[in-house]
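Colleague: Got a minute to go through this one with me? I'd like to get a picture of the fold and anything that looks like a pocket.

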Amino acid sequence: MLVRQILKGKGEGAGKVITVKPGDRISEVAAILAERRIGGVIVSTDGETVEGILSERDIVRSLAARGATCLDDKVEDLMTRNPVCCGREDSSDQVLTRMTEGRFRHMPVVEEGKLIGIVTIGDVVSARLSELSMEKDALQGMIMGR
Ligand code: AMP
């Protein structure tokens with residue numbers, strides 16, 4: 001399955017991706033993550049150019065290292081800069097390989113330098129599972145002569 005098919009399945013398009021700004025406070029991002037039930041956000045000043053990514057792991061690590069004072073930090077203090085991105089024509093297998101190698105679970109989708117979506121490891125695994133289920137049904141159909 002291709003990234004564009006995953007995005008379509010999520011009903012996600014330009015303008016729908018949640019972004020935060022580098023100057024936003026970590027406490028604000030924590031509230032967004034909790035409210036939206038998501039694990040990470042893309043950091044972008046203009047909502048189009050990807051400058052970084054901030055995940056719940058970045059916040060938890062900082063909380064463990066420095067305590068609750070990190071909630072007053074800015075996003076740019078904790079974010080990962082220049083995250084690995086994918087394109088809409090990349091396959092779910094390519095994305096899963098990059099996520100596994102890089103040990104992260106979020107990937108911005110970029111086209112012509114502009115953010116068009118985000119895929120998570122959950123999206124990719126779910127896409128793979130439905131592919132496997134369709135393959136199984138097709139193989140069963142062939143064996144049973146349907
Ligand atoms: P995650 O597993 O996505 O919650 O992130 C684990 C760590 O990887 C955190 O430090 C994130 O900031 C970082 N990270 C998340 N996504 C990416 C990405 N696409 N490229 C590079 N680093 C990332």
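Colleague: How much space lies in the largest pocket?

Modeller: About 310 Å³. Keep in mind that this is a predicted model.

Colleague: Which residues are closest to the centre of that pocket?

Modeller: Ile53, Ser55, Thr80, Arg103 and Phe104, out of the 15 residues that line the largest pocket.

Colleague: And which elements give two or more residues to the lining?

Modeller: Those are β3, α3 and β5.

Colleague: What's the lining like by class?

Modeller: A mix: six nonpolar residues, five charged and four polar.

Colleague: Let's stay with Ser55 for a second. Where is Ser55 found, in which strand?

Modeller: Ser55 belongs to strand β3.

Colleague: Is Ser55 buried or exposed?

Modeller: Buried, because its relative accessible area is 13%, and the cut-off for buried is under 20%.

Colleague: What is Ser55 in contact with, leaving aside neighbours within four places in sequence?

Modeller: Gly39 and Gly40. There's also a C-alpha separation you may want: Ser55 and Ile42 are 13 residues apart along the chain, and their C-alpha atoms are separated by 8.6 Å.

Colleague: OK, the sheet now. What's the strand order in the open sheet of four strands?

Modeller: The order is β1-β2-β3-β4, and the pairing is mixed. β1 (19-20) and β4 (80-81) are the edge strands, each pairing on one side only.

Colleague: In which sense do β1 and β2 pair, parallel or antiparallel?

Modeller: Parallel, with two bridges between β1 and strand β2 (residues 40-43). In that pair, Val20 stands opposite Val43 of β2.

Colleague: Which strands does helix α2 lie across?

Modeller: α2 (residues 26-36) lies across β1, β2 and β3 (52-55), and it runs at about 130° to β2. Helix α3 packs on the sheet too, where it touches β3 and β4, with its direction at about 65° to that of β3.

Colleague: I was looking at Ser62 as well. Which helix is the place of Ser62?

Modeller: Ser62 sits in α3, which covers residues 56-66. Ser62 counts as buried because its relative accessible area is just 8%. Leaving aside neighbours within four places in sequence, Ser62 is in contact with Gly67, Cys70 and Leu78.

Colleague: Changing topic: how many bridges join β5 to β6?

Modeller: Six, and the two strands run antiparallel; β5 is residues 106-111 and β6 is residues 114-120. Val109 stands opposite Gly117 in β6.

Colleague: What about phi at Glu112, in the hairpin of β5 and β6?

Modeller: Glu112 takes a positive phi near 50°, and the hairpin has two residues between the strands.

Colleague: Last one: why is β6 largely enclosed by the rest of the structure?

Modeller: Because five of the seven residues of β6 are buried.

Methods:
Residues are numbered from 1 along each chain as its sequence is written. This is a predicted model: local features need pLDDT of at least 70, side-chain atom pairs count only at pLDDT 80 or more; totals for chains, interfaces and linings use all residues. Side-chain values use heavy atoms; hydrogens and water are left out. Two strands pair if DSSP finds at least two bridges between them. Buried means under 20% relative accessible area, exposed over 50%, partly exposed in between (1.4 Å probe, protein chains only). Contact means heavy atoms within 4.5 Å. Axes are lines fitted to C-alpha atoms, for helices over the stretch in contact, and angles run from 0 to 180 degrees between N-to-C directions. On a 1 Å grid over the protein atoms alone, a cavity is a set of points where a 1.4 Å probe fits but cannot get out, and a pocket is an open set with protein on both sides within 12 Å along at least five of seven lines; lining residues have an atom within 4 Å of a point. Grid points are joined across faces, edges and corners, and a volume is the space filled by probe spheres set on the points. Ala, Val, Leu, Ile, Met, Phe, Trp, Tyr, Cys and Pro count as nonpolar, Asp, Glu, Lys and Arg as charged, and the others, Gly among them, as polar.
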